[in-house]
Amino acid sequence: MNRLGVALLTIIASACPSIATAGIRASGPRCEYRVDPLGIDVMEPRLSWILESDQRGQKQTAYRILVASTPERLAADQGDLWDSGKVDSDQTIHMVYQGKPLQSRMHCWWKVRVWDAEGKPSAYSEPAMWSMGLLEPGDWEAQWIADPRDATVFDGGPMPATMLRKGFNINGPIRRATVYATGLGLYELRMNGRRVGDHLLAPEFTDYDRRIQYQTFDVTDLVAAGENAVGAVLADGWNGEYFFGMPMNQHQRPFEGRRGFLMRLDVELVDGTVQTIVTDDSWQSTREGPTRSASIYDGEVYDARMEMPGWDEPGFDAGLWNRAVVADYFVGANPVWQPNQPIRVVKELQPVKLTEPKPGVFIFDLGQNMVGRCRLKVHGHPGTTVTLRHGEMLNGDGTLYTANLRGATQTDRYTKRTGVDETFEPRFTYHGFRYVELTGQYHKPWVYVPPYKPRLGDLMGRVFHSAAPEAGRFECSDELINRIMHMVVWTQRGNLHGIPTDCPQRDERGGWMGDIQAFSQTAMFNMDMAAFFCKWVPDVRDAQQHDGRYPNFAPMDFDRWKGGTPAWADAGTVVPWRMYQNYGDTRMLEEHYESARRWVDFVHGKNPDLLWTRDMGNNFNDWLNGDTLIKEGWPTRGGAIPPRVLASAFFAHSTEIVAKMAAVLGREDDAAKYGRMFEGIKAVFNEAYVGPDGRIEGDTQAGYALALRFNLLPDKLRPKAARHMVDQFRRYDGHMSTGIQTSHRLMLELTRNGYGDEAYRLLALRTCPSWGFMADQGATTIWERWDGYVPGRGFQKPMMNSFNHWALGAVGEWIWRCVVGINPDESQPAYKHFVIRPEPGGDLTWARGEYRSIRGTIASDWRLENGRFLLDVTVPTNTTATVYLPAKEVKAVTVDGRPAGQSRLVRPLGMERGKAAFAVESGRYRFESHMPESE
Ligand code: BGC
C-alpha cells in the first residue's frame, strides 16, 4: 500500500474508535458452506468466513485458524487439533483443514483471526463448530431394523406407517447427547415425547442403492438421567413411490421398496462415560398407529383414534407391539452425511379468502401458489373425517381444478379422536397448491346441530423447502418486474425438496436436468445454493451411465429413459461450472471433472465429425417453444430451433466448460485438447449451420440466442445474427418464439448486443406469450407453459400444465445481471472480483438489488433523476469490482460528489460501449453521471 493509502486508513481508523486494532474482522464462519454442521463425513472440511470493515479498500493479508477439541481449549487459544499459524494470504473461502486426522463422532471448535492491509491483527472471530459423523458403516454399531411386516416386499399399495420404540436408562447427569439416524422411506425421530430436530421428509431423495443420507442431531436437551424413550415413525416416501404416474420397477426401488431404520445415540455423561443406544432387535414395532398411509404424491391418511399417547415416552406399555426385526436386506447400504440444508418450514401463509362453491365444500385461497402442506383446526365429534384436497387453480364454477395433477391425488384425510377441536398437519407428504378444498367438516345429519362453517383462521399454509438461505433482495420502480421476480422466487421455493424439481404438484416432481440447467444461475442469485448442489451434483454422477451419458433427471434409473439428451444432460457440466463461478468450488470440480469429461467424450464418440446429429437421447429440443402455443393466428411451425443446431451448440458449450475446468485444475493437456475440440465444433457449426450473412439454420430466435450466448460466432457475424434475432420478432407480432432453453438466453443476448430496449419491451408485454401475460392472469409463480391458461380458451392440455415450473423463470438471471447489474467474473471466481453493470431501460426509474455473496453483501442501487444517473454500489471488503455506468465520458462522472480519478480506490478505466468503467476497491460509493442521450 502506498503512503497516501496508509495515511488515509490511519485517519479513518482514528475517526472510528470502535475499531480495536485491525481495520477488519472476520465473521460468519462456515464449514462446508454450513453454519455449525453436525455429523459431516468430509475428512478435510473447508472453512470460510466473511470480512467486515468500515474502511474502504481494506484487505486481508494473513489469517490464522485455530481448531480445538473442546470449547474451553479454543477459548484459551489452544488449537490442539489444528493451528494453521499465521498464513500470508488474502483467501477467505475454502480453507482446507490440515490438522490432526478427524475421526468419527469428533466435535471440533474453531475460530479465525485476520490481519488487515497494514498488517494489524484482528481479534478472533466468534467461535464456530462442526462435528464428524460416522465415517465407516461399521462405526454405527447398529443394525437396520423394521417391523416384521416391513420385511415383505412392497406391493405398491398404500401402507400404514411403522412405529418403532425403545426405552432405556441413563445412569447419571448428561454432558452431551448426539443421535445419528436414517431410514427408508421417510422417518421422523422422537425422544421422550418430543420431536427431534425440524427436518422434514428426511432422509430426502437420493439413488438409495448408492447413498442414503443420515442426519445428526444434538439431543442433549431431550435426554435426561433416568428412564428415557426413543421412537421413530417410518413411512413410505421416494423409496417405494411411482414416478411419472408409473410404479417403479425393482431396479428403481433399491431394497425392493422395503423399509428400514438405523440409529445410534451417544450419551456422554458428566463422569466421562458414554452410553450408546443403537437400533437392534431389542426394539419394539407396530403398524397399528394413526398414520394409515402416506405418499409423496397422494397425501396422508391419519386416524387420530389410533394414536397411542405416550408411545414415545418412558413407561409406555408396548405389550401388544411386535419385536422389531433386523432388516438384513439393507446390508450394503451406504449411509452418508447430508450436505444440504434440511427441508424445513420457512414461512406460514394465512388464507386470504374462503368460499363455499357447493354446500359443504369449502375452498381456502392462500393467495399464493405455494408448496408444503396445511395445518388445520379440525372441528367435530369423535370419528369425524375431514378431507383436504390441494390444487393450483379453480374451475370456472369456483371448485378445485385438479386435472393438471394427473395421477397425484394430493389428498390428506384426518379422522377425529375427541369431541374438542384437534390440529392436523400431515408429516410424510407435500403438495403444490394455492387452493385447498375442505370437506367432511359437518356433523352427522341426524344430530340437530347447525353445520359447522370453517373460518379463515382454521387453516394455515406451511411453506417448506430445502432451506438454502435467501441471498438476493430485489426491488425496482416497475411493479410488473417486481411481480415477475416475486413469481420467480416463489417458484424456486416450490421446487427445492432435496432435489431441484421440475414441478411440485403432479405425479412427476423429478430432478429434471434441463430445467435446473436453465435456471441454475437465477437460483444462485436468489439463494445460497452451494450446499444444495453439493448434495445434488453427486446425485447426477450416481445416475451417469457407464458409457458417460448423463441422465434426463437425477436421481433416476435408465430402464425407461435413454438420457444423454442435449441441454438436459448438459446440466452435468453447467451446474458444477456455476458452482465454480459463484462459489469458487474447485473441490467440486476435482470430484466432478472425470465425469464431465466422460460426458463430452460420449457425445464426441458418437459424433466424431463434431456436429451432434446422432444419439440425442430423448431429444426434448427447446421444450415448450412458440410452436407449442395454442393461439389464433399464431404460427405453429418455424419457432422451434432445429434439434441438431441446439444439440451442437450445447456440445460446444459443454466442451468449452470441460476445457475451462481442466485449466482450473491444472490439467494442461486436457485444457488444450478440449479447447481445440471447442474451436473445432465452432468451426464446423459455422460451416454447417451459419450463412455468410449471419443467418443460422432455421432462422429462429432460439438459434441466434444460443449461438450468441455460447460465443459460437465469429465477431463479424455477431451483430448480423443479433439483428436477425430481433427481426424474427415481427413474425410473432413482437413476441418470443423461444422455449425453456432459450428465452432467458435471448434476453441476455439482446442486452449484450445493444438491444436492451427490446429486452425491456419483451418483459413489459402483457399479451401471450410473455411473463406479463402470466402475471395478468393472476399467476403468483412461473407457469410451465406460456399459455397455461388463456381467458376465453381456458386451460392448456392438462397432461403438461403445471403452474409452478421454474424453467421459464430463468429470466431472473437477466433481471439480476442487467437490471441490478451484478455479474460474477469467472477469472476471479466467487466474487473475488465482479462486475457491476446496470443496463437501465424501459420505463424504469430506479432499481436496487442486494446479493449476499460468499464473500459478503454486494449492492447495486441506481436511480434516474432529471437526466442524471445515480448509482450506489457496495463492494465487500477484500474484493474488487469493475463498475460500469452510462455516461458521456469518464471525466464527467463523479464519485461521492468529486470528479472521478482522484482516489486510488476508484480508478477510471475508460469508456466502453457508452459506459464509463472504473476499477473499484471495496467500500460503498456513490457514482453520478449524466445519461448520454440527455446531454
Ligand atoms: C418436465 C419438464 C422437463 C420435460 C422434458 C417434463 O415432464 O416437467 O420440465 O424438462 O419433461 O421434456
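In the predicted model, helix H8 is mostly covered, with 17 of its 22 residues buried. The length of H8 is consistent with helical geometry, because 22 residues at 1.5 Å a residue should span 32 Å and the end C-alpha atoms are 32 Å apart. Just after H8, Gly666 adopts a positive phi of about 75 degrees. Helix H9 (residues 668-689) gives a comparable check: its 22 residues should span 32 Å at 1.5 Å a residue, and the separation of 31 Å between its end C-alpha atoms agrees with this. Buried positions in H9 comprise Asp670, Ala671, Tyr674, Met677, Phe678, Ile681, Lys682, Phe685, Asn686 and Tyr689. The buried residues of H9 pack against three helices, namely H7 (586-606), H8 and H10 (701-709).

The loop between H7 and H8 contains Leu624. Although Leu624 is not a glycine, its phi is positive, at about 60 degrees. Leu624 counts as buried because its relative accessibility, 5%, falls under the 20% cut-off.

H8 also contributes to a pocket. The second largest pocket has a volume of about 960 Å³. Its lining is formed by 30 residues, and those nearest the pocket centre are Arg709, Asn711, Arg752, Arg817 and Asn823. At least two lining residues are supplied by each of helix H6 (571-583), helix H8 (643-664), helix H12 (743-752), helix H15 (811-820) and strand S39 (822-824). H12 provides the largest share of this lining, five residues. By residue class, the lining of the second largest pocket divides into 14 charged, nine nonpolar and seven polar residues.

Two buried residues have contacts that include arginines placed nearest the centre of this pocket. Glu749 is located in helix H12 and is buried, its relative accessible area being 0%. Beyond residues up to four places away in sequence, Glu749 touches Ala705, Leu708, Arg709, Arg718 and Met725; Arg709 is one of the residues nearest the centre of the second largest pocket. Glu749 and Trp82 are separated by 667 residues in sequence and, C-alpha to C-alpha, by 49 Å in space.

The second of these residues, Gln521, belongs to helix H4 (residues 513-526). Gln521 is likewise buried, with a relative accessible area of 0%. A polar contact of 2.9 Å joins the side chain of Gln521 to the side chain of Asn582. With neighbours within four places in sequence left aside, the residues in contact with Gln521 are Arg578, Gln581, Asn582, Glu813, Arg817 and Pro824. Of these, Arg817 is also among the residues nearest the centre of the second largest pocket.

Buried positions were further examined in helix H5 and strand S10. Asp542 lies in helix H5 (residues 530-542). Asp542 counts as buried because its relative accessibility of 14% is under the 20% cut-off. Residues up to four places away in sequence being excluded, Asp542 touches Asp207, Arg210 and Arg211. Phe168 occurs in strand S10 (residues 162-170) and is buried, with a relative accessible area of 6%. Apart from residues up to four places away in sequence, Phe168 touches Val223, Gly226, Glu227, Asn228, Ala229, Val230, Leu265 and Ile277. Phe168 and Ile277 are 109 residues apart in sequence, while their C-alpha atoms are 7.8 Å apart in space.

Notable backbone geometry was also found in several loops. The peptide bond from Leu184 to Gly185 is cis, with omega near -10 degrees; Gly185 is placed in the loop between strand S11 (174-184) and strand S12 (186-191). A cis peptide bond also runs from Ala202 to Pro203, where omega is near 10 degrees. Pro203 is situated in the loop between strand S13 (194-195) and strand S14 (212-218). Asp77, a residue other than glycine, has a positive phi, near 60 degrees. This residue, Asp77, is found in the loop between helix H2 (71-75) and strand S4 (82-83). At 39% relative accessibility, Asp77 counts as partly exposed, because this value lies between the 20% and 50% cut-offs. Leu624, by contrast, is buried at 5% relative accessibility, and its phi is positive at about 60 degrees.

Terms used
Residues numbered from 1 in each chain as written. Predicted model: local features only at pLDDT ≥ 70, side-chain atom pairs only at ≥ 80, totals over all residues. Heavy atoms only, no water. Helix = DSSP H or I, 4+ residues; strand = E, 2+ residues; numbered from the N terminus. Buried < 20%, exposed > 50% of the residue type's maximum accessible area, 1.4 Å probe, protein only. Polar contact = N/O pair within 3.5 Å; in protein donor to acceptor, adjacent residues only side chain to side chain. Contact = heavy atoms within 4.5 Å. 1 Å grid on protein atoms, 1.4 Å probe; cavity = no way out; pocket = protein on both sides within 12 Å on 5 of 7 lines; lining within 4 Å. Points joined across faces, edges and corners; volume = space filled by probe spheres on them. Nonpolar A, V, L, I, M, F, W, Y, C, P; charged D, E, K, R; others polar. Expected span 1.5 Å × (residues − 1).
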